[in-house]
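Let's practise reading a structure by asking how each label is earned. Have the viewer open and follow along at your own pace.

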Amino acid sequence: MKDNSYYLEALINQDSKKIKKLYEECFPKVEKFLLKNKGTFHDAEDIFQKALLQITIRYQKEKFIIKSNFEAYLFTVCRNMWRRELNANKNWVTNNDVVALNEEEFNLAEALVEQKRWELFAEALELISENCKKILKMFFNRIPYTKMVEEMGYNSETVARQRVFKCKAKLTTLIKKDKRYKSLKEI
Amino acid sequence: MSLEDDILIEKFLNKTLSEKEEEAILERIKNENDFKEKVIFEKQLLETLHNEKWNYNEEESSIDEVNEYVKLFKGEKALNLKKVLKNVNEEYQATRYKKTNKNYIYVAAVIVVLIIGTIFINLNKVTTDELYVEYLQLKTLPSLVSRGNNDPNNLIKAQQEFEVKNYKSALRLFKEVEETKYQRGILQVYIGISQLELEKYSEAEKTFDTMITSDLIDASKGYWYKALISLKKKDIKRARERLQYIIDKELYHHKEAIQLLRKLD
C-alpha cells in the first residue's frame, strides 16, 4: 500500500507517470460524483486538476500530513471545491463585479484556505459529544427549531435554542484554541 | 457571547431581521470589534459546516495566508504543474477510452447474445436517439447570418426554416445559397444536418466528406458529424470507430467524443 506522501511527492516532482496512475485510481469516482451533482465531464476534469494543484501548492508551503488515505482526501477536496464553484456560479449570475474581483489564482488560494478551515471545523465537530454533534448538524443545516424539539425530545424551542447555544460555545472553544485557527481567522 | 446576541446574529445571517434591527446590527459591526469578530466567526461556522452551502467570499479576503497562496499559485512551479496536469489528463482520458474500445470485442460478444432479446434492441434505440439529440447540440450551432448586409438573400430565410425544424425547405434554400459560391464551413454543417434530419444519410455522408476534403477552416468538423450520422442510423459499431478516430487524431470535439463513446458503453 502506498503511503500518503507517495502521491504528494509525485505531484511536487511533477512525475507524469505517477500522476497518471492517480488519475486512473481517483478520477472516475470524482467524475461520477460531479455528474450526479449538476456537473459535467468537463467540470470533473477542471475540478480534478484544480484539486491536485491545490494539494500540491499546500504541500509545497507546509508539508502537511493527510490523516485519511490520499484518495479519500483528494475526493473531499474535489467535493468541497465543486460546492464552492456551484455557489460561486450563483453569485456570478447576480453580481458581475464578483467575477471581475476573482482572478483564478485568488480563487484557488481562497479555496485552499477554506479547505483548511473546513478540516479544522469538521475535526472539532468530531470532538464534541454525540448529542451536541447531532443538534449542531441540524442547526448548521437550518433545520427549524420546532423540528429539533421533536427530534431531540426537548420541552420547548427555548430549550433547543439554549442547547444549540451551549454546544456551539463548546465547538467555538475547541476551534479557537487550535493553533491552526489563528492563520485562518478572517478579520 | 450572550444568548441574546447569538440569536440576533443568527437572525441577521438568516436575513430575518427587520430593516430597523438590521441597521442597528450593522452599526454594532462597524463600531464593536468583538461583535464583528463574532459575526464573522458565526458566518464561517454556518457556511463551512452546512452540508450543501459552501463559502464564497464576495469581498476580497484579508487573510495574509490567502495572499501568500496567491503568490504560490502564480509561481513558476504552479504554472509548470498546470501544464503537466493538462497533458496527463489528456493522455489519461484518451487511453481510458482506448482500453474501453479493446474491451469492446468482448462486450460485443455478450451483446450478440443479448441482441436476441428484443428488449435490448428497444432500449438501445431509445438511448442512441437521446444521445444523438444531446450531442447534435443544435442550440449551440453558430448562426449563419452575420450582422452585416453581405449575406446572400436566402440565408436569413434558410436559417429561420432550419430553426423551426422545417428541414426540407431549409435544405432547398441552403443549396441555393451554396450555388452562389458562398464558402463557409458552417453552411456545409447546416446542409449536412438538414440532410441527416431528413434521413438522407448517404447525401449527408457526401456533404461531410466534401467538407473534410475541403480547405475550409471547419473541415475537421465533418468527422464529428459523420459520427453522429452513424449514431442516428443506430450503427453503433461505426459510430464507435468514428469517435475513436476523432479521439486518436484529437480532432474537433474530441473531448465530446470521449464522453459520447463512454455513454455508448
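What follows is a set of questions and answers on this predicted model.

Q: What makes up the secondary structure of chain A, and what makes up that of chain B?
A: Chain A has ten helices and zero strands, and chain B has 13 helices and zero strands. Read along the sequence, chain A follows the pattern α-α-α-α-α-α-α-α-α-α.

Q: Why is Leu125(A) called buried?
A: Count the other C-beta atoms within 10 Å of its own: there are 20 for Leu125(A). The label "buried" asks for 20 or more, so Leu125(A) is buried.

Q: Where does Leu125(A) lie, and which residues does Leu125(A) touch, not counting residues up to four places away in sequence?
A: Leu125(A) lies in helix α6 of chain A. Leaving out residues up to four places away in sequence, Leu125(A) touches Lys133(A), Leu136(A), Leu171(A) and Leu49(B). Look also at Lys168(A): it is 43 residues from Leu125(A) along the chain, with the two C-alpha atoms separated by 9.5 Å.

Q: Why is Lys15(B) called buried, partly exposed or exposed?
A: Lys15(B) has 7 other C-beta atoms within 10 Å. A residue with 12 or fewer counts as exposed, so Lys15(B) is exposed. You can find Lys15(B) in the loop between α1 and α2 of chain B.

Q: What label does Lys234(B) get, and why?
A: Lys234(B) has 15 other C-beta atoms within 10 Å. That count falls between the cut-offs of 12 for exposed and 20 for buried, so Lys234(B) is partly exposed. Lys234(B) is found in the loop between α11 and α12 of chain B.

Q: What makes the phi angles of Lys15(B) and Lys234(B) worth a second look?
A: Most residues other than glycine have a negative phi. Phi of Lys15(B) is near 55 degrees, a positive value in a residue other than glycine. Lys234(B) also has a positive phi, of about 65 degrees, although it is not a glycine.

Q: Why are α11(B) and α12(B) called roughly parallel or roughly antiparallel?
A: Their axes come within 8 Å and cross at roughly 160 degrees. Angles over 145 degrees count as roughly antiparallel, so α11(B) and α12(B) are roughly antiparallel to each other. The crossing is left-handed.

Q: Which residues meet where α11(B) and α12(B) pack?
A: From α11(B) come Tyr223(B), Trp224(B), Lys226(B), Ala227(B), Ser230(B) and Leu231(B). They meet Arg238(B), Ala239(B), Arg242(B), Leu243(B), Tyr245(B) and Ile246(B) in α12(B). The residues of this contact divide into eight nonpolar, one polar and three charged.

Q: Why are α6(A) and α4(B) called oblique?
A: The axes of these helices come within 8 Å and cross at roughly 130 degrees. That angle is over the 65 to 115 range for roughly perpendicular, but not over the 145 needed for roughly antiparallel. The pair is therefore oblique, and the crossing is right-handed.

Q: What residues does α6(A) bring to its contact with α4(B)?
A: Among them are Phe106(A), Leu108(A) and Leu112(A) in α6(A), and the α4(B) residues include Tyr69(B), Val70(B) and Phe73(B). The residues of this contact divide into nine nonpolar, no polar and four charged.

Q: How many residues are in contact between the two chains?
A: Here 44 residues of chain B are in contact with 46 residues of chain A. On the chain B side, α5(B) gives the most, with twelve residues. The residues of that side divide into 21 nonpolar, twelve polar and eleven charged.

Q: How do you know where to read chain B with care?
A: The mean pLDDT of chain B is 80, and 80% of its residues reach 70 or more. Among its helices, α6(B) has the lowest confidence, at a mean of 68, and α11(B) the highest, at 91. Over residues 54-60 of chain B the pLDDT is below 50. Where pLDDT is low, the predicted coordinates should not be read in detail. For the complex, the predictor gives an ipTM of 0.72 and a pTM of 0.55.

Note on methods
Residues are numbered from 1 along each chain as its sequence is written. Chains are lettered from A and ligands numbered from 1 in the order in which they are written. This is a predicted model: local features need pLDDT of at least 70, side-chain atom pairs count only at pLDDT 80 or more; totals for chains, interfaces and linings use all residues. Axes are lines fitted to C-alpha atoms, for helices over the stretch in contact, and angles run from 0 to 180 degrees between N-to-C directions. Helices (H or I, at least four residues) and strands (E, at least two) are DSSP runs, numbered from the N terminus. Angles under 35 degrees count as roughly parallel, over 145 as roughly antiparallel, 65 to 115 as roughly perpendicular and the rest as oblique. A crossing is left-handed if the near helix is turned anticlockwise from the far one by less than a right angle, and right-handed if clockwise. Two residues are in contact if their C-beta atoms, placed from the backbone, lie within 7 Å. Ala, Val, Leu, Ile, Met, Phe, Trp, Tyr, Cys and Pro count as nonpolar, Asp, Glu, Lys and Arg as charged, and the others, Gly among them, as polar. pLDDT is the predictor's confidence in each residue, from 0 to 100.
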